[in-house]
Amino acid sequence: MLNYVTSYLNSNVTPGQAGNVFWAFVYIMVVFAGISLAVVAMNWLERKALAHMQVRLGPMRVGPHGLLQPIADAIKLLLKEDIIPDRADKAVFWAAPFMVVMAAFTTYIVVPFGPTHAITDMNIGILFMLGVSSLGVLGIVMAGWASNSNYPLMGALRSSAQMISYEVAMGMAVVSAVVMTSLNDKGVGTLSMIGIVQAQQQQGIWFAFKFFPLGFVALGIFAIAMVAETNRAPFDLPEAESELTAGFHTEYSGFRWSLFMLGEYAAMIAVSSVAVTLWLGGWLRPFPNALSGSGWDFVFSLFPGFTFLILAGFAFLGVIRMPKHPYFKAETLGLAGFAGALGLIGLILFIPPVRDRIEDIYWFIAKVAVFMYLYIWYRATFPRYRFDQLMKVGWKVLLPTAIGVLIFTAVLGVTIK
Amino acid sequence: MPAITPIHYLILAAALFALGTIGVLTRRNVVIVLMSIELILNAVNLNLVAFSRLWGLQGQVFAIFVITDAAAEAAWGLGILIAFFRNRETVNVDEVDLLKW
Amino acid sequence: MTPVATSFFFYLLSGLALLGGVLVITRRNPVHSALALILTLLALAGIYLMLYAPFVAGVQILLYAGGIMVLFLFVIMLVNIGRAEKEKQFNKQWIVSFVAAAVTGLLFVWILTKSPLLRQIAQKAPMQLPEASNTQDVGNLLYGQYMLSFEIASLLLLVAIVGAVVMAKKRI
Amino acid sequence: MTADATKYLSHLELGERDETFLDSNELIINMGPQHPATHGVLRVILKLDGEKVLGTECVIGYLHRGVEKIAEHRTYTMFNPYVDRMDYVAAVSNGLGYCEAVEKLLNVQAPPRANYVRVILTELNRIASHQLWLGTHALDIGAMTPLFYTFRDREEILKIFEKYCGARLTTHAFRIGGCLYETYDGFERDVKKFVDFVTPKIDEYEELLTTNRIWVERTKGVGYISAKDCIALGVTGPVLRASGVKWDIRKAQPYANYSEFDFEIPTGQNGDTYDRYLVRLVEMRQSLRIISQAVERIPEGPIMAKVPKVIKPPVGEIYHSIEAPKGELGYFIVSDGSTQPYRIRVRPPSFVNLQALDLMVRGALVADVIAVIGTLDIVLGEVDR
């Protein structure tokens with residue numbers, strides 16, 4: 001038994017490929033917990049960043065700088081009454097949020113956080129990812145229909161139309177990246193998520209910069225389509241607050257509503273990781289060619305530790321700037337503790353064995369974080385599209401561009417190689 | 001439990017096919033009739049994929065063709081359904097008894 | 001990726017598939033039928049994975065569950081009338097149809113269990129299908145041997161799109 | 001959607017209801033009175049074909065307090081604070097209109113210094129009202145951020161109001177015959193500082209919106225109304241001017257001492273939501289121009305004219321209108337010679353402008369209804385009174 005557990009550690013494949021059920025389970029648990037935590041952190045970050053962009057402070061009361069706000073929110077949502085409308089279709093109404101969450105979390109099976117840090121590596125990785133994330137539409141349609149109310153129904157109709165339309169452009173952009181993987185000696189590409197990153201490693205270039213500007217345009221199309229796919233501003237028509245009150249989740253409350261939010265944020269992280277994997281080199285560190293050599297490797301491997309130290313520095317700055325009044329004593333101590341914890345993590349990340357294991361995951365998360373920040377930024381900047389304009393952008397701008405990029409990529413791939 | 005042989009898959013496919021046939025022949029709602037047709041197509045797909053386990057990948061290729069056909073059929077069937085519904089305000093298949101109205 | 005606990009997953013998935021199938025043809029509400037059909041489709045996708053056909057499984061999820069079924073739900077929501085649920089659900093000849101279909105099904109099962117040819121099949125050793133290059137192999141076949149069929153299928157889809165638009169549009 | 005509400009709707013022909021919304025079947029949606037984008041308690045019944053609007057019906061009166069009736073039981077002075085509660089985001093303008101109407105009835109002239117203070121406060125209030133409009137309008141269209149920017153800057157105006165008369169929103173700043181309070185020390189400095197502060201901020205709003213592609217797409221060509229229709233419906237204010245009619249009571253029939261200032265009346269050509277947005281932004285700049293001229297030239301002297309303790313206007317009637325931020329705000333006062341008005345009728349710009357809603361949104365999409373309600377800049381307190 002113990003042998004079964006330890007034997008995996010010596011292999012260099014994902015637990016799913018190794019067929020090791022124990023480690024696969026461990027990975028699933030870790031990823032699930034990690035994504036839930038990321039959603040919570042994202043919630044806090046979004047509120048804070050958005051607030052600072054909008055000349056306000058955001059959550060400040062619960063914990064130092066509102067750090068405990070997500071926990072307070074979670075408790076509030078769990079304790080709220082779970083209202084099921086009288087004339088709703090109970091079973092479907094009940095199942096819809098779970099469908100959304102399931103679709104969002106299942107995609108993480110194939111997300112490669114590192115060369116071996118994935119639950120499994122599927123031969124059809126990216127196809128699976130697109131397929132499962134498209135199941136999220138079903139949850140939204142179910143929610144809108146089961147509520148038996150006009151606004152949710154309209155939200156669901158908008159949402160399904162929107163997501164189906166943008167999936168097409170998204171798929172085309174993905175295909176152009178997959179075509180790029182086949183530009184090797186054998187001429188054989190791959191759909192596997194790990195394989196795609198390895199192809200970028202072998203070709204020595206991230207696909208965003210391959211055949212410039214083709215790869216970059218494809219990334220741009222994907223980055224726009226993924227915002228529409230996750231129903232975020234400026235494509236948040238299904239839940240357009242000023243038009244449809246709250247769209248498909250108007251009738252939801254409490255725990256079920258929070259499941260929709262969980263699903264939405266998890267889906268955001270999922271599509272961002274697809275973008276990172278396909279175009280931005282997944283777990284690869286930046287500048288692998290220009291700054292190569294073991295010296296630079298060492299420098300880049302120090303990044304995770306320094307990131308945490310900088311964060312700890314910011315938290316410590318917060319401690320210094322805290323009012324000296326005794327009323328704030330508990331908060332000051334809490335923030336100091338938080339800063340200390342961050343600093344400690346940063347120091348641990350400098351220890352060589354940890355440093356080497358964590359580096360891949362760090363670069364992956366850092367790249368995803370950029371996309372998550374973009375989501376917040378979009379939300380603060382853009383007004384909302386109207387439905388017909390949204391369709392126009394999807395079908396008349398993004399799709400033709402994506403097809404053009406695909407054709408040019410294929411032609412260039414055949415001629416230049 | 002006995003090991004799973006292709007026969008198991010074929011029996012499952014047969015059962016799904018029978019269910020689909022029952023749906024097509026007995027239900028009045030056009031939408032459900034269309035969905036029963038999807039069931040039948042899936043039973044066929046399962047057969048093809050199960051045989052491809054024995055005789056190579058051609059079965060999978062045919063399964064993909066069947067899925068393509070299913071998509072075309074769904075689009076067209078639902079288009080007819082909407083046109084029909086608009087004219088007759090009903091979705092019952094046994095009320096489609098005129099060639100022209 | 002080798003399948004583990006094959007018999008357990010086979011019975012689980014086929015149970016789900018059959019449950020979904022039964023629900024599809026018995027529910028009054030077409031939305032419930034559609035959701036049951038999605039259950040069947042996903043269970044079948046799982047079975048395809050067990051049969052070393054990951055690409056078909058992926059296409060099944062992406063196209064069937066994510067595409068076609070959303071179309072179904074969309075249309076059901078458009079034509080959903082409360083009246084239909086209160087009407088008679090089965091047509092007049094349902095007894096005859098049921099018996100005929102059930103007999104067909106039993107016939108299949110009988111053939112599958114008794115036929116000597118199929119007994120051969122049962123004993124035939126499964127082929128080694130390289131799972132890791134499944135997509136590439138299917139792609140080679142699609143764009144090699146079956147190129148013409150592939151193009152015809154694309155034409156079929158085009159016809160279907162045009163046809164659906166013509167049918168469903170109010171005023172052309 | 002309850003049955004009783006549909007019964008009285010004439011032009012929507014809601015008698016026949018279908019349970020689906022395909023083809024000839026319409027969907028009827030009740031927008032409001034509890035809806036985030038109806039600016040209060042407006043209820044709009046929408047008849048939709050999918051997302052296309054076939055017709056609308058406004059149901060108003062959820063905020064009706066009977067202001068006009070209350071006036072008949074109050075003396076002229078006692079009624080003064082009530083007018084602040086009509087258009088509560090432009091309370092100063094309301095007060096100005098009422099005070100001037102009664103002054104006209106009494107044949108009293110406010111002293112010049114009072115007129116200058118009145119103009120400064122009213123124009124500040126116009127900016128505040130337009131800022132609130134811009135923030136909420138942008139929020140309705142989906143841009144969250146301008147709301148916070150405009151509220152940050154509106155706060156400075158409210159601070160000046162608070163320093164001047166003690167209230168921020170329902171100011172009750174003016175009295176019949178002038179102003180009750182002398183300006184506080186540093187009033188001029190505060191106003192000048194505000195002008196310097198807010199001028200770059202208006203550019204900031206423009207930076208976020210004017211050339212923003214999505215904003216332009218959402219507002220250009222949306223909610224079109226021609227100059228002819230505007231005049232036929234009695235629509236006034238920025239909505240009228242954006243359709244190309246150069247009509248501003250400050251220029252056309254100058255009141256207070258507007259004739260002494262140099263400012264321009266911005267007009268648009270297209271009569272769509274985008275032009276109304278531009279017109280209002282230019283109006284804010286013009287208001288700043290008026291304020292800076294007024295604050296430079298503010299004369300010394302009394303702040304209150306000689307007005308009898310008990311106001312008893314002679315028998316007669318008067319109609320006096322001013323250019324409120326939202327349009328022509330008119331007061332029609334009938335006096336029977338007693339201390340209380342016999343009848344007061346208010347011509348509220350929001351109420352009249354709201355009539356154009358149906359015309360502007362027919363054939364548009366649901367999202368446009370929101371944009372048009374926003375661009376009409378209605379305040380339900382004034383619509384319902």
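# Reading contacts, domains and helix crossings

In this predicted model, 15 residues of domain 1 of chain D are in contact with 16 residues of domain 2 of chain D.

Q: Which elements give two or more residues to the side of domain 1 of chain D that touches domain 2 of chain D?
A: One reads such a surface element by element. Here the elements are β2 (43-49) and β3 (52-59) of chain D. The largest share, 5 residues, comes from β3(D).

Q: How many residues of that side of domain 1 of chain D are nonpolar, polar and charged?
A: After location, one turns to chemical class. The side of domain 1 that touches domain 2 in chain D is made up of 8 nonpolar, 5 polar and 2 charged residues.

Q: Where do the two domains lie in chain D?
A: Domain 1 covers residues 3-59 and domain 2 covers residues 67-384 of chain D. Between the C-alpha centres of these two domains there are 31 Å.

Q: Which two chains have the most contacts between them?
A: One may next consider the chains in pairs. Among the 5 pairs of chains that touch, chains B and C have the most contacts. This contact involves 65 residues from chain B and 75 residues from chain C. On the side of chain B that touches chain C, the elements giving two or more residues are α1 (6-26), α2 (30-55) and α3 (58-88) of chain B. Of these, α3(B) gives the most, with 22 residues. By class, this side of chain B has 44 nonpolar, 15 polar and 6 charged residues.

Q: How far apart are the closest C-alpha atoms of chain A and chain B?
A: A pair of chains without contact can be described by a distance. The closest C-alpha atoms of chain A and chain B lie 14 Å apart, and no contact joins these chains.

Q: What span should the 31 residues of α3(B) have at 1.5 Å a residue?
A: The expected span may be compared with the distance between the two ends. For α3(B) the expected span is 45 Å, and the end C-alpha atoms are 44 Å apart, which agrees. After α3(B) comes B:Glu89, with a positive phi near 60°.

Q: At what angle do α2(B) and helix α1 (residues 6-26) of chain C pack?
A: For a pair of helices, one reads the angle and the separation of the axes together. The angle between α2(B) and α1(C) is about 155°, and their axes are 9 Å apart. An angle over 145 degrees counts as roughly antiparallel, and therefore α2(B) and α1(C) are roughly antiparallel to each other. The crossing of α2(B) and α1(C) is left-handed.

Q: Which residues of α2(B) and α1(C) meet?
A: B:Ile32, B:Met35, B:Ser36 and B:Leu39 of α2(B) meet C:Gly21, C:Val24 and C:Ile25 of α1(C). Divided by class, the residues of this contact are 5 nonpolar, 2 polar and no charged.

Q: At roughly what angle do the axes of helix α14 (residues 303-321) and helix α15 (residues 329-348) of chain A cross?
A: The same reading applies within one chain. The axes of α14(A) and α15(A) cross at roughly 165° and come within 7 Å. That makes α14(A) roughly antiparallel to α15(A). The crossing of α14(A) and α15(A) is left-handed. Residues making the contact include A:Phe308, A:Leu309 and A:Ala312 of α14(A), together with A:Leu335, A:Ala339 and A:Leu342 of α15(A). In the contact of α14(A) with α15(A) there are 14 nonpolar, 5 polar and no charged residues.

Notes
Residues numbered from 1 in each chain as written. Chains lettered and ligands numbered in written order. Predicted model: local features only at pLDDT ≥ 70, side-chain atom pairs only at ≥ 80, totals over all residues. Contact = placed C-beta atoms within 7 Å. Helix = DSSP H or I, 4+ residues; strand = E, 2+ residues; numbered from the N terminus. Nonpolar A, V, L, I, M, F, W, Y, C, P; charged D, E, K, R; others polar. Expected span 1.5 Å × (residues − 1). Domains from an automatic or database assignment. Axes fitted to C-alpha atoms, helices over the stretch in contact; angles between N-to-C directions. Parallel < 35°, antiparallel > 145°, perpendicular 65-115°, else oblique. Left-handed = near helix turned anticlockwise from the far one by under 90°.
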